[in-house]
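User: Please take a close look at one helix in this model and at what surrounds it. Then place that helix in the wider fold.

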Amino acid sequence: MPTYRPSASPARQNANYGKGVASVGADVLTGPELAQEIRDVFASPRYRAPLLPQVALEVHQLSRDPRAGIPEVVRLLERDPMLAADVLRIASSAAYASGSPPRSLDEAAARMGLNAIRDVVFQAALSSKVFRAKEHQSTMVALQRHSVAVATATRVVAARTAVPLEHAFLFGLLHDVGLAGILIVLAERHPESRLEHILTELSALHQEAGGVMMAAWALPDELRWLVQAHHQASIGGYVHPLLACGVVGHHLVAELGFGLSPTSDTSLDETNLSELRAAADAIGVDGDRMVLLAREVGARLEGAA
Ligand SMILES: [Fe+2]
Ligand SMILES: [Fe+2]
């Protein structure tokens with residue numbers, strides 16, 4: 001029978017064995033360190049937001065010009081055939097086309113009106129240029145679905161109040177754009193890291209990052225303020241009606257299964273209960289109205305799915 005003979009210990013083979021200093025590499029960051037690095041990236045003058053198609057930004061400017069009409073928007077869109085094709089595809093989906101799908105951009109724009117066609121242009125632009133990071137594809141897909149759902153719900157809630165509808169959809173669509181921006185930064189600098197690693201800091205961080213991106217795109221200040229504060233009902237101590245609609249809309253889509261929750265006990269994007277109550281009170285949404293709104297939003301989202 002072979003006899004077991006232990007080999008000489010490493011310490012006996014090498015006198016220096018075990019005397020080195022071992023520590024976790026400096027490239028392994030704790031959650032707070034990673035969050036600080038991301039905060040620094042967005043605060044740096046060198047930060048470059050993902051580029052939105054120039055045509056989308058010009059369509060937005062045009063939609064604010066009282067002299068502009070549908071033909072000008074269509075002419076602008078025709079300068080970017082890929083974006084135009086995406087716009088027509090979205091405008092033909094069940095969410096927008098109640099009867100037969102539009103056969104051309106002119107027809108889509110004429111049926112929808114200037115603000116709605118601008119919203120669709122942004123939906124197409126964000127989907128092709130911002131909600132993209134192959135290391136985080138499943139989170140980006142969930143984020144895109146969540147953003148369109150919140151946009152739809154915010155518009156439904158705003159339509160039931162006296163809140164002007166002009167910015168409602170776009171605010172909902174852009175509200176979490178900071179999460180997309182953070183994912184893009186993570187993919188570039190720490191592809192192995194995920195949003196869950198910075199959960200404690202994520203709420204403040206994605207609202208700040210969203211504000212930086214909105215400023216880079218030179219979108220209206222009001223939209224930037226809303227995006228920067230979208231998990232609360234007030235700005236500067238006053239309830240902002242569109243923020244309140246957004247908070248209620250956000251709650252409804254989470255209830256309907258369109259939230260950002262990778263696991264049942266983890267949410268990447270939660271509004272606390274006191275803000276929800278303040279928002280619902282401010283726009284007169286009691287328990288019964290919340291149920292009716294949930295039904296209406298659910299029907300819209302089902303039609304859009
Ligand atoms: Fe959200
Ligand atoms: Fe959010």
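Analyst: The buried residues of α4 pack against four helices: α3 (54–63), α5 (81–91), α6 (105–112) and α7 (114–129). This is a predicted model, so every contact here is one in the prediction.

Helix α4 spans residues 70–77, and its buried residues are Val73, Val74, Leu76 and Leu77. Viewed down the helix axis, they fall within an arc of 160 degrees, so they line one face of α4. The face turned away from that buried side carries Pro71 and Arg75, both exposed.

Leu77 leads on to the core. It is among the residues with the most contacts inside the largest nonpolar core, alongside Val87, Val121 and Val248. That core has 90 residues. Helix α8 (residues 137–159) gives the most to it, with ten residues. Domain 1 (52–129) and domain 2 (135–305) both contribute residues, so the core lies between them. In soluble globular proteins, nonpolar side chains tend to be buried together.

Val87 shows the packing one residue at a time. Neighbours within four places in sequence are set aside here. Val87 is then in contact with Leu77, Leu105, Val120, Val121 and Ala124. Leu77 belongs to the buried set of α4. Val121, like Val87, is one of the core residues with the most contacts.

Next, a second helix with a buried side. In α12 (221–228), the buried residues are Leu223, Leu226, Val227 and Gln228. Their cover includes α9, α10 (177–189), α11 and α13 (241–255).

Loops adjoin α12 at both ends. Ala218 sits in the loop between α11 (199–216) and α12. Ala218 has 12 C-beta neighbours inside 10 Å, so it counts as exposed. Its phi is near 55 degrees, a positive value in a residue other than glycine. Most residues other than glycine have a negative phi.

The other loop, between α12 and β1 (234–235), holds His230. Here the count is 25 C-beta neighbours inside 10 Å, so His230 is buried. Leaving out residues up to four places away in sequence, His230 touches His175, Gln207, Leu243 and Gly246. Gly246 is 16 residues from His230 along the chain, yet their C-alpha atoms are separated by 7.1 Å.

One more loop is worth a look. Glu166 lies between α8 and α9 (168–174). With 15 C-beta neighbours inside 10 Å, Glu166 counts as partly exposed. Glu166 and Arg155 are eleven residues apart in sequence. Their C-alpha atoms are 9.1 Å apart in space.

Now the whole chain. It has 15 helices and two strands. Of its 305 residues, 41% are buried. Among contacts with a separation of 6 or more, 69% join residues 24 or more positions apart.

Finally, confidence. The chain averages a pLDDT of 88, and 90% of the residues score at least 70. Residues 1–8 have a pLDDT below 50. Beyond near neighbours in sequence, that stretch has one contact in the model.

Conventions
Residues are numbered from 1 along each chain as its sequence is written. Chains are lettered from A and ligands numbered from 1 in the order in which they are written. This is a predicted model: local features need pLDDT of at least 70, side-chain atom pairs count only at pLDDT 80 or more; totals for chains, interfaces and linings use all residues. A residue is buried if 20 or more other C-beta atoms lie within 10 Å of its own, exposed if 12 or fewer, and partly exposed in between; C-beta atoms are placed from the backbone. The arc is that of the directions from the helix axis to the C-beta atoms. Two residues are in contact if their C-beta atoms, placed from the backbone, lie within 7 Å. A nonpolar core is a set of buried Ala, Val, Leu, Ile, Met, Phe, Trp, Tyr and Cys residues joined through C-beta atoms within 7 Å. Domain bounds come from an automatic or database domain assignment. pLDDT is the predictor's confidence in each residue, from 0 to 100.
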